[in-house]
Number of protein chains: 4
Amino acid sequence: MEVSKIPAETSLIERWRQVRAHSIAIAQTLSAEDCMAQSMPDASPIKWHLAHTSWFFETFVLEKLEEFESEFIAFDPAFRVLFNSYYNGVGEKHPRPQRGLLTRPTLEQVLAYRKNVDQRIARLWQQVVAANDTAQLQQLQTLLELGLQHEQQHQELMLTDIKHLFWCNPLAPAMFSTPIDEAYSNPSLSSHSKALQWQTFDARLLEIGHQGAGFFFDNEAPRHRQFIEAFELGDRLVSNGEYLAFIEAGGYQNPALWLSEGWDWRQNQALQHPLYWQLQQQHWRVFTLHGWQALDLAQPVCHLSYFEASAFAVWAGARLPTEFEWEYAAQQRPDIADWFAHCWQWTSSSYAAYPGFAIAPGAIGEYNGKFMANQYVLRGSSCFTPAGHSRLTYRNFFPATARWQMSGLRLARSL
Amino acid sequence: MEVSKIPAETSLIERWRQVRAHSIAIAQTLSAEDCMAQSMPDASPIKWHLAHTSWFFETFVLEKLEEFESEFIAFDPAFRVLFNSYYNGVGEKHPRPQRGLLTRPTLEQVLAYRKNVDQRIARLWQQVVAANDTAQLQQLQTLLELGLQHEQQHQELMLTDIKHLFWCNPLAPAMFSTPIDEAYSNPSLSSHSKALQWQTFDARLLEIGHQGAGFFFDNEAPRHRQFIEAFELGDRLVSNGEYLAFIEAGGYQNPALWLSEGWDWRQNQALQHPLYWQLQQQHWRVFTLHGWQALDLAQPVCHLSYFEASAFAVWAGARLPTEFEWEYAAQQRPDIADWFAHCWQWTSSSYAAYPGFAIAPGAIGEYNGKFMANQYVLRGSSCFTPAGHSRLTYRNFFPATARWQMSGLRLARSL
Amino acid sequence: MEVSKIPAETSLIERWRQVRAHSIAIAQTLSAEDCMAQSMPDASPIKWHLAHTSWFFETFVLEKLEEFESEFIAFDPAFRVLFNSYYNGVGEKHPRPQRGLLTRPTLEQVLAYRKNVDQRIARLWQQVVAANDTAQLQQLQTLLELGLQHEQQHQELMLTDIKHLFWCNPLAPAMFSTPIDEAYSNPSLSSHSKALQWQTFDARLLEIGHQGAGFFFDNEAPRHRQFIEAFELGDRLVSNGEYLAFIEAGGYQNPALWLSEGWDWRQNQALQHPLYWQLQQQHWRVFTLHGWQALDLAQPVCHLSYFEASAFAVWAGARLPTEFEWEYAAQQRPDIADWFAHCWQWTSSSYAAYPGFAIAPGAIGEYNGKFMANQYVLRGSSCFTPAGHSRLTYRNFFPATARWQMSGLRLARSL
Amino acid sequence: MEVSKIPAETSLIERWRQVRAHSIAIAQTLSAEDCMAQSMPDASPIKWHLAHTSWFFETFVLEKLEEFESEFIAFDPAFRVLFNSYYNGVGEKHPRPQRGLLTRPTLEQVLAYRKNVDQRIARLWQQVVAANDTAQLQQLQTLLELGLQHEQQHQELMLTDIKHLFWCNPLAPAMFSTPIDEAYSNPSLSSHSKALQWQTFDARLLEIGHQGAGFFFDNEAPRHRQFIEAFELGDRLVSNGEYLAFIEAGGYQNPALWLSEGWDWRQNQALQHPLYWQLQQQHWRVFTLHGWQALDLAQPVCHLSYFEASAFAVWAGARLPTEFEWEYAAQQRPDIADWFAHCWQWTSSSYAAYPGFAIAPGAIGEYNGKFMANQYVLRGSSCFTPAGHSRLTYRNFFPATARWQMSGLRLARSL
């Protein structure tokens with residue numbers, strides 16, 4: 001599978017075609033059986049991702065703009081329920097933990113559904129372009145862009161979810177047979193063997209949130225002011241080697257390092273190391289999309305929960321940065337390593353609305369706002385994030401116990 | 001799919017071939033995706049059934065008789081763990097609730113595994129026959145017969161498990177497209193519209209358990225004496241119509257009819273009717289392997305838990321028979337309807353060892369004995385039971401809450 | 001506290017007085033706080049036992065015979081709900097797991113309730129005796145006897161429940177301060193240090209169940225015939241020393257010895273020994289109503305679940321007796337040790353109705369019958385059983401996982 | 001019970017005496033039985049509160065300053081474990097859900113423990129004052145003040161916990177028999193029948209957190225700068241009448257109003273109204289420490305979870321304020337009604353460290369910091385808060401589902 005970065009100047013409709021094709025490319029390395037299984041309620045089958053991203057276009061573009069598309073007929077009315085993820089405004093939903101029971105529709109039928117939606121979108125695009133109605137075109141562009149960004153989010157989830165599924169299988173299948181695929185692996189980062197340097201940032205009132213013309217999710221707005229006290233930030237991500245030192249120093253046995261809820265959870269789960277790590281005959285190895293690999297101590301540590309990231313930071317005499325500190329530093333010092341493309345970075349910020357945040361009317365308003373409780377913000381992006389999907393103001397979010405995402409950390413300290 | 005009754009006189013090796021082919025025939029109506037999903041921990045994927053029944057031959061025939069088979073090499077050592085159901089004596093087992101995560105091995109690989117095992121069994125058979133060693137031949141025959149009977153048990157489970165899976169799917173797929181398949185449906189039983197007659201049986205000391213030369217499971221032995229007080233038994237199974245009367249009389253709302261544990265369970269589950277029933281616009285329908293069908297009031301009621309069967313019996317002024325009463329009556333009055341081939345019949349007998357029951361040494365001893373706690377015996381057989389697999393002394397058993405099996409009831413009364 | 005055996009010839013009303021007084025005597029060693037706590041849903045607070053046994057007399061004697069008692073007025077209408085244990089026929093019940101939240105009524109109020117009920121019962125008795133109406137008198141006698149037997153059952157539960165509560169308290173309070181109270185301890189049984197002898201019993205058709213004039217519970221009837229194949233039975237209970245040998249032989253680590261459901265449960269609970277045992281500095285000790293005591297190897301082992309008793313029996317090359325074998329042997333050989341007064345003995349018999357068993361009409365019919373599912377019969381009696389409450393045909397019953405009762409075992413073998 | 005406001009100028013040791021006496025005064029209206037029960041894991045028995053607050057003084061004052069107290073001997077070494085709430089640094093803890101099983105020590109013993117601790121503290125105070133060592137005195141003062149504030153927090157919990165316990169009892173006991181006790185009831189607030197007015201606040205950079213000489217908890221520091229965008233705030237709390245309108249408008253049935261996790265929780269719990277509300281014969285009533293009372297529509301709504309408060313705010317076209325907005329407004333406009341003494345007010349702020357927050361070394365550092373995950377800040381105080389315990393910068397915190405605290409809300413809007 002080849003993943004080429006999409007040049008920024010590419011037209012919307014061309015980008016849309018490439019994104020749609022990229023989902024198919026991911027699935028092509030997998031069998032119909034691989035695409036069906038759901039390893040836990042948090043993860044979804046690949047087939048479901050393929051269908052749901054098409055459902056999104058059918059529901060929020062084709063159905064919403066149905067006056068533009070002369071002959072709107074649902075591909076299959078049952079899909080409205082089956083592939084609705086969490087939009088109460090659209091109606092009934094198939095229960096999330098049962099997505100892996102949908103042996104029908106088959107993968108073949110889902111691919112036909114994708115093709116049908118793509119044809120209808122392409123036709124709609126041509127009609128609207130031909131009609132030369134600027135308002136219509138703008139509305140279509142906005143929704144297409146949202147659907148495309150949404151699909152890119154699911155492309156990352158496809159990889160994290162299949163990784164979890166394959167890890168559950170004692171046969172430990174490898175998704176990619178090529179030695180190390182640059183697009184989907186943690187590139188070996190020699191920089192991580194060098195000592196961490198602290199970068200200093202002055203107290204400052206600055207603007208946070210999206211600015212300018214490009215696409216952004218509603219939760220990145222409105223741009224607003226935050227006052228940030230002086231702090232310092234590590235100039236690289238925490239490495240596997242550093243995390244291993246925490247383990248070997250008894251970090252998983254010392255409640256003084258942990259948040260109270262995190263400690264209870266760690267004990268119930270009997271956790272001793274990050275997800276996907278395994279100690280085998282005194283050698284640590286880690287499960288990847290290429291199967292089991294020896295643990296590379298120089299690489300950034302990944303697959304940590306918020307609770308683990310926080311405990312490590314306390315042990316290291318530091319703390320997690322707030323999302324505002326992260327954005328401030330990444331904005332001021334783009335030269336610092338690892339902001340993007342290695343792993344998402346837990347921040348200490350609870351996922352919350354920016355001042356003046358308004359939820360969009362209708363089902364589309366459920367995209368982000370309703371999840372603003374008991375989740376923590378991750379900033380940056382990971383090696384699983386599709387090319388072109390990263391952004392300085394991007395706010396990813398997961399519960400404090402989530403570990404199957406590409407989640408690591410960067411240290412901060414108050415001054 | 002054609003299911004022809006295997007004539008009794010068929011040779012063992014020929015019967016073995018037919019049974020093995022029948023499993024494939026069941027799976028052939030299904031896609032690889034259908035064969036992979038597991039709808040609940042109690043059920044297993046079809047692919048798993050196909051593999052496990054082959055594992056059984058590989059482990060308990062090929063491996064056990066390895067001195068007969070000059071060159072025993074496991075098809076895949078990992079399968080020893082993956083497809084072990086519950087035999088602690090064989091070693092590790094893959095966790096039961098995660099059988100639906102095994103996207104690998106693929107269905108194709110499992111079919112290759114089956115073919116490989118079949119070839120090795122056939123070769124072993126030829127070698128042993130050629131060797132003309134009676135002891136060896138007898139041992140091989142005993143194990144082949146056990147494996148064949150074991151596979152027939154799984155053939156029934158394949159049908160109950162796929163039925164449950166398809167019922168979980170809002171698309172309600174039908175496994176069989178032909179109108180009503182005689183082999184796997186409840187045949188319309190006009191006899192059930194006639195009034196139930198009570199058949200009387202005198203008090204008697206009689207022998208219970210398997211007798212004679214044919215195959216039997218260890219739990220059917222030893223044949224021993226039981227004294228049975230006089231009783232009467234219904235001359236047919238309880239019908240859907242009769243059960244509907246129980247529902248409409250408030251049977252699911254009246255704790256006085258229920259066993260205490262059953263009532264608590266019913267309330268927690270908010271049960272109002274048998275599994276697979278649904279009231280739609282004031283008409284009852286029932287889910288079958290042919291999809292949703294109108295409820296036929298004359299057919300035997302099916303998919304009841306022990307608790308429901310017991311509550312119905314109390315409501316009807318009767319009780320469930322013991323398994324000894326059942327065997328006594330079926331032995332004495334083979335002319336009475338419905339002993340076999342419609343649905344399994346709950347008895348009030350807890351699944352327990354017969355006096356003198358001895359567990360076989362080794363892993364094979366785990367086949368039946370270790371389940372003798374908190375389960376109830378069902379007698380007879382169902383329309384899902386493979387031809388030739390029914391037996392007067394057969395003891396099926398499930399927990400009191402199991403409903404996805406073909407389980408109905410027949411009434412009894414003490415005299 | 002003095003526990004004197006009540007002579008058999010004592011009049012009913014005198015026995016009733018003594019039984020009522022005995023409950024108070026048990027509670028007198030405890031504070032109001034001790035009487036309030038509930039250590040687990042299976043156990044009840046002492047205060048609740050004191051109130052419920054009075055509720056039983058109020059509901060099933062005073063209220064039922066209300067035409068005999070000219071001026072029936074409930075002591076407190078709310079008590080009808082608060083102290084109903086499980087009688088759906090009487091109406092609402094307070095949720096069982098919340099019995100420990102009833103700080104009101106106070107213990108003092110409950111004692112006043114007891115006194116009130118006792119006065120009304122005594123008055124009713126005088127009125128009925130004076131009226132000289134044989135039918136009335138007989139009905140009253142029957143219900144008083146049932147209430148009295150019911151209260152004796154709760155006297156045993158009061159001891160097992162307070163034992164569990166005190167064991168949960170790190171202060172390990174002792175209920176009795178006197179060295180060893182004969183009535184409530186396992187008397188030192190020197191006989192248990194001698195080798196176990198097997199007693200042989202021939203195959204025989206014999207009558208099982210209550211016979212004669214004395215009191216019995218409905219589940220002990222009707223007397224009926226059972227054919228029992230030849231067997232042998234241990235001439236004493238299994239001792240702590242023998243059970244310790246099972247532990248030391250790895251009995252808790254060997255799944256081959258366990259029933260399948262029992263093994264899963266043992267693993268989930270991480271059980272390594274009977275309830276109330278503890279290994280402290282390489283010495284076993286056991287919690288009793290006198291606090292922690294050194295384990296006496298010669299005493300009968302106690303506080304076993306059915307699953308543990310069964311695993312031990314398999315390890316010992318034996319099995320549990322059926323309840324019919326037990327009754328047969330105890331009937332034929334009353335000279336054998338330990339039938340009664342040490343600990344209840346698990347049998348392999350699932351708790352089920354005797355042929356012809358009929359549930360009494362009304363709420364009183366809920367006494368026994370509705371529990372006949374997923375429970376196992378224990379025979380004999382224990383050192384906690386009140387004097388005069390033991391009986392050859394007595395059927396005690398608990399789920400296979402219950403361990404807080406005084407439950408041990410006696411071995412059997414088929415011949 | 002009389003609750004007199006403690007004048008601010010009262011000396012520390014005198015305030016300490018009054019606070020200690022106040023805990024006893026609360027318990028004096030209750031029986032030993034009332035003081036023992038625990039209605040849910042979140043709540044604790046009164047006896048436990050009485051003991052734990054003494055344990056706090058024994059552990060963090062007497063033991064810590066043991067060189068000042070010539071003859072330190074623990075009152076009872078077992079209490080170190082029994083009455084440790086959550087301080088891992090002190091050692092083992094009794095499991096929280098089992099606090100209601102501690103029938104021993106008795107209430108009497110706990111009161112003796114309190115008296116003993118009080119005597120030792122008083123003696124220590126005299127010794128240190130006599131020694132005339134400023135450093136020692138200061139250290140003692142700091143710890144006494146912390147223990148006193150800690151005890152006041154538990155005084156509020158004693159009331160919320162006993163309220164929950166009494167609500168669980170069908171007898172619905174009233175703690176106070178006097179008509180309406182001013183100190184512990186929602187005073188009738190006529191102001192709540194008037195229309196809500198919005199108060200406007202300009203965007204501003206301001207200082208947040210404790211300032212000055214008085215006592216404060218570590219989580220209120222360090223004082224630091226926050227930039228707050230312009231907003232408006234309701235000039236009074238939301239009333240029962242307004243919340244009832246939300247209920248009647250279907251607020252509990254409309255997922256569009258709820259946070260996603262809140263909606264799932266509401267459905268699982270089948271919630272339809274605030275805790276302690278009940279609709280009886282078409283009249284709403286509410287459970288209080290005086291028993292059931294008619295719902296007063298003019299009073300502030302109370303006993304809401306964060307999720308309910310948030311859903312109401314969305315329905316009302318508003319939102320919850322951040323804790324910074326709350327502090328800003330309360331600082332600028334102390335004349336606005338209801339900042340304190342009615343009910344705690346949910347804010348949208350996740351409980352997190354202020355910039356530069358440092359956890360104190362030793363077990364005392366566990367006081368606040370380790371709870372900074374998945375909890376939300378409440379500001380103000382309630383009618384259950386002891387006199388003198390309220391503060392502008394006070395940060396109370398509970399999980400989003402907590403409802404048994406005195407928790408209401410005040411509306412905010414961005415400008």
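A salt bridge here is a side-chain nitrogen of Lys or Arg within 4 Å of a carboxyl oxygen of Asp or Glu. This is a predicted model, where local features need pLDDT of at least 70 and side-chain atom pairs count only at pLDDT 80 or more, while totals for chains, interfaces and linings use all residues. Residues are numbered from 1 along each chain as its sequence is written, and side-chain values use heavy atoms, without hydrogens and water.

**Exercise 1.** Describe how domain 1 and domain 2 of chain A meet.

Step 1. Start with the bounds: an automatic or database domain assignment gives domain 1 (10–166) and domain 2 (180–412).

Step 2. Their centres, taken over C-alpha atoms, lie 28 Å apart. In contact (heavy atoms within 4.5 Å) are 28 residues from domain 1 and 26 residues from domain 2.

Step 3. The two domains bury about 2,500 Å², 64% of it on carbon and sulfur atoms; this is the accessible area (1.4 Å probe) lost on being put together, summed over both parts.

Step 4. Now apply the salt-bridge rule across this interface: it finds 0.

**Exercise 2.** Which helix gives the most to the side of domain 1 of chain A that touches domain 2 of chain A?

Step 1. Helices are DSSP runs (H or I, at least four residues), numbered from the N terminus.

Step 2. In chain A, α1 (12–27), α2 (46–62) and α5 (134–168) each supply at least two residues of that side.

Step 3. α5(A) gives the most, with 16 residues.

Technical notes:
Chains are lettered from A and ligands numbered from 1 in the order in which they are written.
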